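Subject: Structure for your review

Hello,

Here is the structure I said I would pass on. My notes follow it.

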Amino acid sequence: MQLPYSDELEIQYLSRLFDNTSECYKFFWLQAIVTKVLEGKTVLTYEELIDEMIVDAWYMVTEYHLNLGPRDTLERVVHDIQKLSGMKSSEKKSVLLDYLKNCQDPEINRQKRTLTRNVPYRLQAPFLNQLKGKGWNVSESELAARINRERRLIYYFNALNGMETTISIQEEWYQYIHKNQEIVKGWLQYNMIIYLQKRNPSVPGIADKLYPPQERKLEKVKKYWRLLLTLKPMQEIYGHNQLDSQDISIDHFVPWSFVAHDELWNLHPTTRSINSSKSNHLPDWDTYFREFAWVEYGAYELVEKNERARVEFDKCAKDHLNSADIRYRLYRDGQNFPTFCEQLEGVIRPVYQSAQNCGFDSWIYHGEENESDNILL
């Protein structure tokens, strides 16, 4: 992906920032700088940049279970903060930043300091003529002094003072980022997606997992299931509650936070409270899959027999059934339940197992008393 040319800046070096990336820190450090620059800041502390990095990684690690790298300190500190704070994986960014600003836990602060040891200096390596061919194993103060003697860098170091150390963004780079912000952000996202896909080869939808979870558009799916429920009474699969066509919630059997799609074969109706309780867990396979298959087969039978159901299915399928192969396997005419169940298991079991391998926990519904506050599909 090409970055815009500049007569004043050495964009060819910017383009090479991620040439040799074995860890994720460079992506998050530069992304934090771009975020703060676009907020209008030119002098940035290590503290605020590291906090921004942690929040940017929060959803990837806690919500989507992405692997950021081998022995990754950023991933580890996110896990430790979640254990210490008890904050949910979908917590608002402002709440996370406020917590980090006021956190006095010595281990968390030690890990935050560890994150400043290398990346603030090594990020600009392609620009550093003086350091080419020389070791980096010198003190922070010496390294900062050497870097500050270079020309046309993105930023320079002010007096070192632990987490209160500041960097100053150069005016030309400040203007470049503002002028080309959409392209710069797109370039950052593109490189981060490539990195994360290598680290998470079996995980789908990486591009949808760079940011906090967003509300999904499931109006057509809800309309489809509401019609089916007027044609045939159904119970949801977790608590065996009778479903009300006017008050349903659409659940992703394998959580959206893993699959990152709204395909019809993974969706079924439940109640709002149970969907809240399930959150982004995996329903226990042995307990729930066959019941899930019966609900899906019941919908399949209605679509086969009822013209109104067929019309709503076709409308829904345009947005929520994107594989011609799966559509043929699951929704071709004349299937009995054993055949349908076998085909559905063939589609969903590999996805389910991949989610298990990525650390998504198994879940069994135990009633109202165990519901959480998470409201995710």
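Which residue's side chain meets that of Lys36 in a salt bridge? The partner is Glu52, with N and O 3.4 Å apart. Lys36 belongs to helix H2 (residues 25-38) and Glu52 to helix H3, so the salt bridge ties together parts that are 16 residues apart in sequence. Both Lys36 and Glu52 are buried. Please keep in mind throughout that this is a predicted model.

Overall picture

The protein chain has 377 residues, and 52% of them count as buried. Its secondary structure comprises 17 helices and seven strands. Along the principal axes, the C-alpha trace spans about 75 × 45 × 35 Å. The exposed area of the chain is about 17800 Å², of which carbon and sulfur atoms supply 46%. Taking contacts between residues at least 6 apart in sequence, 70% join residues at least 24 apart.

Salt bridges

The structure holds 18 salt bridges. Besides Lys36 and Glu52, I looked at two other pairs.

In helix H17 (residues 337-357), Arg349 and Glu345 are four residues apart, which means that about one helical turn separates them. Their side chains meet in a salt bridge, with 3.3 Å from N to O. Arg349 is partly exposed, at a relative accessible area of 27%, and Glu345 is partly exposed as well, at 30%. As for networks, salt bridges that share partners join Lys36, Glu39, Glu52 and Lys93 into one.

Asp19 forms a salt bridge with Arg16, and the closest N and O atoms of this pair are 3.4 Å apart. Asp19 has a relative accessible area of 47%, so it counts as partly exposed. Arg16, at 39% relative accessibility, is also partly exposed.

Nonpolar core

The largest nonpolar core has 126 residues. Which residues have the most contacts inside it? They are Trp29, Leu74, Ile167, Trp225 and Phe253. Leaving aside residues up to four places away in sequence, Ile167 touches Trp29, Ile33, Thr42, Val43, Leu44, Tyr46, Leu49, Tyr155, Tyr156, Phe157 and Asn158. Trp29 thus appears both among the core residues with the most contacts and among the residues that Ile167 touches.

Strands S4 and S5

Is strand S4 (residues 249-252) covered or open on its two faces? Both faces are covered. In a regular strand, side chains alternate between the two faces of the sheet. In S4, Ser249 and Asp251 are on one side, Ile250 and His252 are on the other, and all four are buried. S4 runs antiparallel to strand S5 (residues 267-270), and four bridges join the two. Ile250 has Pro269 as its bridge partner in S5.

Nonpolar surface patch

Met1, Ile183, Tyr190 and Ile194 make a nonpolar surface patch of about 360 Å². Ile183 is in helix H10 (residues 181-199), and Tyr190 is in H10 as well. A residue needs over 30% relative accessible area to be part of a patch. Ile183 has 35% and is partly exposed, while Tyr190 has 42% and is partly exposed. Tyr190 is also 94 residues from Leu96 in sequence, and the C-alpha atoms of these two residues are 25 Å apart.

Backbone points to check

Two residues have a positive phi although they are not glycines: His65, at about 60°, and Ser279, at about 55°. Where are they placed? His65 is in the loop between helix H3 (46-63) and helix H4 (73-85). Ser279 is in the loop between helix H13 (272-278) and strand S6 (282-283). Are these residues buried or partly exposed? His65 has a relative accessible area of 23% and is partly exposed, whereas Ser279, at 1%, counts as buried. The cut-off for buried is under 20% relative accessible area, so His65 at 23% is not in that class.

Regards

How values were computed
Residues are numbered from 1 along each chain as its sequence is written. This is a predicted model: local features need pLDDT of at least 70, side-chain atom pairs count only at pLDDT 80 or more; totals for chains, interfaces and linings use all residues. Side-chain values use heavy atoms; hydrogens and water are left out. Buried means under 20% relative accessible area, exposed over 50%, partly exposed in between (1.4 Å probe, protein chains only). Two strands pair if DSSP finds at least two bridges between them. Patches are made of residues with over 30% relative accessible area and no salt bridge: like charges are joined within 9 Å, nonpolar side chains (Val, Leu, Ile, Met, Phe, Trp, Tyr) within 5 Å. Accessible areas come from the Shrake-Rupley method with a 1.4 Å probe; for residues, only the protein chains shown count as cover. A salt bridge is a side-chain nitrogen of Lys or Arg within 4 Å of a carboxyl oxygen of Asp or Glu. A nonpolar core is a set of buried Ala, Val, Leu, Ile, Met, Phe, Trp, Tyr and Cys residues joined through side-chain atoms within 4.5 Å. Contact means heavy atoms within 4.5 Å.
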